Amino acid sequence: MANRLELTWYGKENEVKIEPRLLIEDKKLSNTLGDDSVKNILIHGDNLLALKSLESNYSNKIKCIYIDTPYNTGKAFNTYDDNIEHSIWLSLMRERLSVLKKLLSNDGVIFIQINDDEYAYLKVLCDEVFGRDNYETTFYVKVRHENRILREDTRWQLCVEQVLCYRKSSSFIAPRRSKEKNSSLDYKWEVSITGCPKEIIKIGIYDVEVYDKNSWSYRKVKEGEGHFKQYQIRGSLITQKGSASEYYEMFLRERRKSDGLGTLYKVIGMGVNGDGLGYRYIMQPEKESSKNGFYFQGLPIKSKENKGLPYPNFYDMTAEFNNAGYEG
């Protein structure tokens, strides 16, 4: 068994035992208007006791939790002391995170806002409470403009805060944002063979028909109405083994001088499982100054499932944070 890494601190073993608490509704402040189906609850009191009061009815039921933790910046505010001894802060956070984990459903997720002062320690603490495998990501949120006027004795201008994201288990499915672009619109090219190949030869594992620039042509048509999508071949970006780009780099780039600019290669048998055409068109550049070749790919036989795009983990919310002071 691999050694388990653990964050330790003075007083960690002194776990506080808190019995579940009952919530008492204040009818004078209730806004349910007599509707018992309303489930929204605003709890006034110590946050740890409030969390414990939710365990009996909400354990394993909460799908999303967001908490704005004490940053422990070393400052004393009017409403609370943000200058807690580091080990005490860790104990306070562990107690609350442990209860929050119990409240999360198996497909639930929690977001925990923090800044640089305790971020690194909170990350390791969350790894311990939720499991390192359940770490999803850290969102970096810009909350202050870099040109904001501050005291000149401030050592560093902190513009970004962090929001840690953890799931309860692998049952959580991360949301995706929709693709705005219709990929079928990229198919806007037509290729026409107007003459006979100047030769048919074996290049690598494929039979190849070689056409000089006067024996074929291509043209752009309306987006989405063409049969081919054109790709530029960049040698530094080859990633897929067996691709047209790799084939060009291995066998065709060196033939540029002998075959001439604008030469088209009809590679028989390439891409059969992709577009089903039974061949792939690859062309040499048309200009002496151009370094890269191109290839034309047909519409895929199987349309790929639209899985959407991942959400970014950086957000510029400077305007929203600056305006928060005007919201009451």
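**Exercise 1. Start with one pair of residues: find the bridge partner of Phe-139 in S6, then work out how S5 and S6 pair.**

Solution. Step one: look across from Phe-139 into S6, and you'll land on Val-163, its bridge partner. Keep in mind as you go that this is a predicted model. Step two: widen the view to the two strands. S5 covers residues 135-142 and S6 covers residues 160-167. They pair in the antiparallel sense, over 7 bridges.

**Exercise 2. S5 also pairs with S15: in which sense, parallel or antiparallel?**

Solution. Begin with Val-141, which stands opposite Tyr-315 in S15. Now take the strands as a pair: S5 and S15 (residues 314-316) run in the parallel sense, with 3 bridges between them.

**Exercise 3. Put the strands of this sheet in order and say which ones stand at the edges.**

Solution. First, the order: 5 strands line up as S1-S4-S6-S5-S15, and the sheet is open. Next, the edges: S1 (62-68) and S15 each have a single partner strand, so each has one side without a neighbour in the sheet. On average, neighbouring strands here are turned by 15° against each other, if you ignore direction.

Then check the S1 end. S1 and S4 (residues 104-114) pair in the parallel sense over 6 bridges. One place to see this is Tyr-66, whose bridge partner in S4 is Phe-111. With parallel pairing for S1 and S4 and antiparallel pairing for S5 and S6, it fits that the sheet is described as mixed.

**Exercise 4. Describe how helix H3 sits against the sheet strands and against helix H2.**

Solution. Sheet side: H3 lies across S4, S5 and S6, and runs at about 5° to S6. Helix side: H2 (residues 86-103) and H3 (residues 119-130) pack at an angle of about 35°, their axes 10 Å apart. The crossing of H2 past H3 is right-handed.

Now zoom in on who touches whom. From H2, the residues include Trp-89, Leu-90, Met-93 and Leu-97, while H3 brings, among them, Tyr-121, Leu-122, Leu-125 and Cys-126. Sort the whole contact by class and you get 10 nonpolar, 2 polar and 2 charged residues.

**Exercise 5. Cys-126 is one of the H3 residues in that contact; why is the sulfur of Cys-126 not bonded to that of Cys-165?**

Solution. Recall what you're looking for: a disulfide is a covalent bond between the sulfur atoms of two cysteines. The cut-off is 2.5 Å between the sulfurs. For Cys-126, the closest cysteine sulfur is in Cys-165, and it is 10 Å away, too far for a bond. Cys-165 is in no disulfide either, as its nearest cysteine sulfur, in Cys-64, is 8.4 Å away. The final count is 0 disulfides. Both cysteines are buried, by the way: Cys-126 has 0% relative accessibility, and Cys-165 has 4%.

**Exercise 6. Are Lys-12 and Arg-96 buried or exposed, and what do they touch?**

Solution. Take Lys-12, in the segment before helix H1 (47-58). Lys-12 has a relative accessible area of 8%, so call it buried. Leaving aside neighbours within four places in sequence, its contacts are Glu-6, Leu-7, Ser-91, Arg-94 and Glu-128.

Then turn to Arg-96, which lies in H2. Arg-96 is buried as well, at 16%. Not counting residues up to four places away in sequence, Arg-96 touches Asp-46, Asn-47, Leu-48 and Leu-51.

Terms used
Residues are numbered from 1 along each chain as its sequence is written. This is a predicted model: local features need pLDDT of at least 70, side-chain atom pairs count only at pLDDT 80 or more; totals for chains, interfaces and linings use all residues. Side-chain values use heavy atoms; hydrogens and water are left out. Buried means under 20% relative accessible area, exposed over 50%, partly exposed in between (1.4 Å probe, protein chains only). Axes are lines fitted to C-alpha atoms, for helices over the stretch in contact, and angles run from 0 to 180 degrees between N-to-C directions. Helices (H or I, at least four residues) and strands (E, at least two) are DSSP runs, numbered from the N terminus. A crossing is left-handed if the near helix is turned anticlockwise from the far one by less than a right angle, and right-handed if clockwise. Contact means heavy atoms within 4.5 Å. Ala, Val, Leu, Ile, Met, Phe, Trp, Tyr, Cys and Pro count as nonpolar, Asp, Glu, Lys and Arg as charged, and the others, Gly among them, as polar. Two strands pair if DSSP finds at least two bridges between them.
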